[in-house]
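Biologist: Could you take a close look at the hollows in this protein for me? I'd like to hear about the enclosed spaces and the open ones, and what lines them.

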Amino acid sequence: MNKPNILIIMVDQLNGTLFPDGPADWLHAPNLKKLAARSTRFQQCYTASPLCAPGRASFMSGQLPSRTGVYDNAAEFASSIPTYAHHLRRAGYQTCLSGKMHFVGADQLHGFEERLTTDVYPPDFGWTPDYRKPGERIDWWYHNMGSVTGAGVAEITNQMEYDDEVAYHATRKIYDLSRGHDARPWCLTVSFTHPHDPYVARKKYWDLYEDCEHLLPEIGPIPYEDQDAHSQRILDANDRDNFNITEDHVRRARRAYFANISYLDDKIGEVLEALEGTRQDATILFVSDHGDMLGDRGLWYKMSFYDGSSRVPMMVASPEMKPGLITTPVSNIDICPTLCDLAGVSMDEVMPWTDGISVVPLGQGQTREEPVAMEYAAEASYAPLVSLRDGKWKFNMCSLDPDQLFDMEADPLELTNLADHPDHQDTLKTIRAKAEARWDLDAFDAAVRHSQAGRWVVYEALRNGSYFPWDYQPLQKASERYMRNHMDLNVLEENQRFPRGE
């Protein structure tokens with residue numbers, strides 16, 4: 001089988017409900033709309049876990065957090081867990097990452113042969129939650145509502161600086177790949193941190209949404225006492241009592257978020273233009289790690305199984321799959337087996353421990369019945385939460401909370417919990433049995449507590465005395481760049497040009 005080049009474009013915290021069939025019509029995203037037109041588009045794609053590091057480790061490995069042990073944003077991603085980068089590299093691919101992947105631990109490559117940037121977040125254990133102290137807020141790293149009250153315009157921010165760098169290095173890499181110095185097929189992952197909060201955007205993108213009709217959420221704030229138990233925990237973790245969120249704050253935060261989608265679209269356009277300009281063919285995959293509630297129900301950011309937080313866009317442009325809309329529920333843990341399927345790479349050796357399923361058959365007209373699973377065991381949780389999206393049903397379970405059952409066809413905004421409704425007890429019994437067969441919540445909770453306790457000890461120990469950071473340090477070999485005296489200038493100029501002789 002011919003191994004295609006693969007370009008993966010990942011974004012951070014992009015709400016999948018804004019992608020009903022590619023980007024919503026009102027979004028200013030011409031490059032993503034052009035990509036959507038030639039892609040298989042997955043309308044009901046879910047994250048494995050609605051938080052950055054757990055969702056990304058699962059996306060890369062095809063395994064849920066209960067298998068990877070990446071329960072939260074400070075949990076180590078073990079070097080022994082194969083990722084799509086390992087599988088493809090083993091099969092002869094050159095693998096490269098430009099941007100964020102939120103790896104925690106000393107291994108900052110996880111199968112990538114080359115990494116072009118450092119990460120945007122710390123790779124150590126400092127952000128570890130603690131189930132032994134339910135309700136404790138860790139002010140210096142827990143989200144609060146400051147991103148909402150501080151929303152607005154700026155021409156440069158920490159995150160803009162990062163994503164500008166990600167796009168620059170990605171385009172440079174695509175140009176370099178075109179030179180043909182390495183005959184192997186390539187897999188390039190370009191991973192941006194927008195539209196993740198803070199909700200701050202450049203004025204040129206902010207101005208695009210001056211008259212936007214979507215600056216208020218479909219569901220307004222719900223009083224704290226009427227929220228479900230986990231949403232109350234999220235509000236507490238976000239320090240909601242110390243902020244007065246006005247309608248103007250909501251409008252400005254959502255406007256900046258939409259503006260940053262347009263900023264991202266320009267960055268993605270730069271990458272795709274480089275690919276097109278260098279006449280390289282590649283299978284292209286677009287996905288997010290999780291969503292953002294964007295004020296729905298009064299909730300912001302992620303950490304929830306509600307669709308705003310847990311549903312993500314996913315599009316695949318491949319000659320092996322037909323362009324069009326797929327409404328079958330899928331997961332971003334399906335990406336690892338999907339990439340291997342498209343590249344003709346076997347995962348048989350680890351498949352018994354893999355939760356993801358290739359979506360290539362769905363893009364070829366076949367059907368699928370397996371439910372989609374999600375897990376959450378990080379900040380704002382006091383015990384693990386699990387979820388199944390099974391056909392039209394979504395079922396959420398936690399040992400601390402009442403069950404939740406939603407009919408996603410009749411009630412897409414998830415306003416009516418049917419778990420106690422007498423007409424739906426058979427459905428509840430059936431789907432709960434599936435969840436109990438999949439998860440031992442007591443064992444899951446014990447594993448999370450074991451991990452958290454150990455990391456607190458290690459983190460405090462390593463902060464005493466001299467400290468060697470795990471942050472990835474991208475290397476540039478200055479003596480091998482541009483023109484140096486051990487090079488033949490004529491050969492150099494010819495080899496570094498693409499196309500040659502035109």
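Modeller: Sure, and keep in mind that this is a predicted model. Let's start with the largest cavity, whose lining is a mix by class: nine nonpolar, two polar and seven charged residues. The space inside comes to about 170 Å³. Its lining has 18 residues, and those closest to the centre are Gly 135, Glu 136, Tyr 142, Ala 380 and Tyr 382. In total, the model has three cavities of 30 Å³ or more.

Next comes the second largest cavity, at about 50 Å³. Here the lining is easy to list in full: Asp 124, Phe 125, Tyr 459, Leu 462, Tyr 467, Phe 468 and Trp 470. Sorted by class, that makes six nonpolar residues, one charged and no polar ones. The charged one is Asp 124.

Leu 462 is worth a pause. It belongs to helix H13, which covers residues 441–462. Besides lining the second largest cavity, Leu 462 joins Val 458 and Tyr 467 in a nonpolar surface patch of about 230 Å². Tyr 467 also has both roles, as part of that patch and of the cavity lining. Why can a cavity-lining residue such as Leu 462 count towards a surface patch? Leu 462 is partly exposed, with a relative accessible area of 40%, and patch residues need over 30%, so Leu 462 clears that cut-off.

Now for the open spaces. The largest pocket has a volume of about 1400 Å³. Its lining runs to 38 residues, and Glu 114, Leu 116, Lys 173, Asp 176 and Arg 481 are the closest to the centre. Several elements supply at least two lining residues each: strands S3 (94–99), S4 (114–115) and S6 (186–195), plus helices H6 (158–178) and H14 (489–495). Helix H6 gives the most, with eight residues. By class, the lining of this pocket has 16 nonpolar, eight polar and 14 charged residues.

Finally, there's the second largest pocket, with a volume of about 630 Å³. It is lined by 32 residues, and Thr 17, Glu 218, Arg 311, Pro 412 and Leu 413 lie nearest its centre. The class count for this lining is 14 nonpolar, eight polar and ten charged residues.

Technical notes:
Residues numbered from 1 in each chain as written. Predicted model: local features only at pLDDT ≥ 70, side-chain atom pairs only at ≥ 80, totals over all residues. Heavy atoms only, no water. Patch = residues over 30% accessible without salt bridge, like charges linked within 9 Å, V, L, I, M, F, W, Y side chains within 5 Å. Areas by Shrake-Rupley, 256 points an atom, 1.4 Å probe, with all protein chains shown as cover. Salt bridge = Lys/Arg side-chain N within 4 Å of Asp/Glu carboxyl O. Helix = DSSP H or I, 4+ residues; strand = E, 2+ residues; numbered from the N terminus. Buried < 20%, exposed > 50% of the residue type's maximum accessible area, 1.4 Å probe, protein only. 1 Å grid on protein atoms, 1.4 Å probe; cavity = no way out; pocket = protein on both sides within 12 Å on 5 of 7 lines; lining within 4 Å. Points joined across faces, edges and corners; volume = space filled by probe spheres on them.
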